[in-house]
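Biologist: I would like a close look at a single part of this model, explained for a first-year student. Please take one site and describe it step by step.

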Amino acid sequence: MNNIKAIIFDLDGVLVDTAKYHYLAWKKLADELNIDFSVEDNERLKGVSRMQSLDIILEIGSITLDNITKSDLAQKKNNWYVEYITKLTPDDILPGVIPFIKSIKNSNIKMALGSASKNSMLILNKLNLTNYFDAIIDGTKVSKAKPDPEVFLKGAEALKVLPCQCIVFEDAEAGVEAAISAGMHCIGIGSENILKKADLVFSGFTDIVFDKLLL
Ligand code: BG6
Ligand code: MG
């Protein structure tokens, strides 16, 4: 990977350990609806929007609901999720993230957030992460969810760089697909089995030496 000018980070499950709270909140809702929803099923929810996540859960349970009920259920899940994230502390920032983003801040590489979450600003502000980013593209700024590349293309545009000059960090299959569709390099954070389409996969930031990546 050379000629890299920018890094675009996904938020949930990449910078902060919030993917587990999304799962717990969806699990609670699935239990209420008597839907059997597993950790494996949850992989399909990663990176996709709130309403699409609900649609996947309802599909698993073979349940059809009207839009008003669906929007009430999505709100209910979000209320539980927000309860979790209002209690976030710096310990919920994933290991190695702060040294990694500090080293990039000291370089001439720009940083953007590219997340589907409408709660991104709440999380970034709560954990004092907002000021690291030169651009923030979140769920309030996009109309098409990952695997559509919109969120990442908007990030590159805001940073005034070309897609081929960007590396995306992602923990979700849908996010890796979005980065590839955007014409960007992609580094998976998590399991190689799930993120096999990424250019490289690391289990976390503590394993990454940034200078070596750019060789
Ligand atoms: C993504 C998560 O970052 O944000 C998804 O990986 C989540 O699981 C999506 O559904 C939307 O988040 P929110 O906070 O707007 O419901
Ligand atoms: Mg994620």
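How do the residues of the shell around ligand 1 divide into nonpolar, polar and charged?

Modeller: The shell around ligand 1 in this predicted model divides into 4 nonpolar, 7 polar and 4 charged residues. These 15 residues surround ligand 1, and the closest are Asp12, Arg50, Ser117, Lys118 and Asn119. Three of these names return when polar atoms are examined. The side chain of Asp12 has an N or O atom 2.7 Å from an oxygen atom of ligand 1. For Ser117, a side-chain N or O atom is likewise 2.7 Å from an oxygen atom of the ligand. Asn119 places a polar side-chain atom 2.7 Å from an oxygen atom of ligand 1. Taken alone, ligand 1 exposes 390 Å², and the protein buries 97% of that area. As to its location, ligand 1 sits in the largest pocket.

Asp12 also leads to the metal. The magnesium ion (ligand 2) is coordinated by Asp10 and Asp171 through OD atoms and by Asp12 through its O atom, at 2.0 to 2.2 Å. Asp12 thus has two roles in this description: its side chain has an atom 2.7 Å from an oxygen atom of ligand 1, while its O atom coordinates the magnesium ion. Along the sequence, the donor residues of the ion follow the spacing D-x1-D-x158-D.

Two of the donors can be described further. Asp10 has a relative accessible area of 5%, which is under 20%, and therefore counts as buried. Asp12 is also classed as buried, because its relative accessible area is 12%.

Key. Residues numbered from 1 in each chain as written. Chains lettered and ligands numbered in written order. Predicted model: local features only at pLDDT ≥ 70, side-chain atom pairs only at ≥ 80, totals over all residues. Heavy atoms only, no water. Donors = N, O, S within 2.8 Å, 3.2 Å for Na, K, Ca; no water. Buried < 20%, exposed > 50% of the residue type's maximum accessible area, 1.4 Å probe, protein only. Near = heavy atom within 4 Å. Polar contact = N/O pair within 3.5 Å; in protein donor to acceptor, adjacent residues only side chain to side chain. Areas by Shrake-Rupley, 256 points an atom, 1.4 Å probe, with all protein chains shown as cover. 1 Å grid on protein atoms, 1.4 Å probe; cavity = no way out; pocket = protein on both sides within 12 Å on 5 of 7 lines; lining within 4 Å. Sits in = over half its atoms within 2 Å of the grid points. Nonpolar A, V, L, I, M, F, W, Y, C, P; charged D, E, K, R; others polar.
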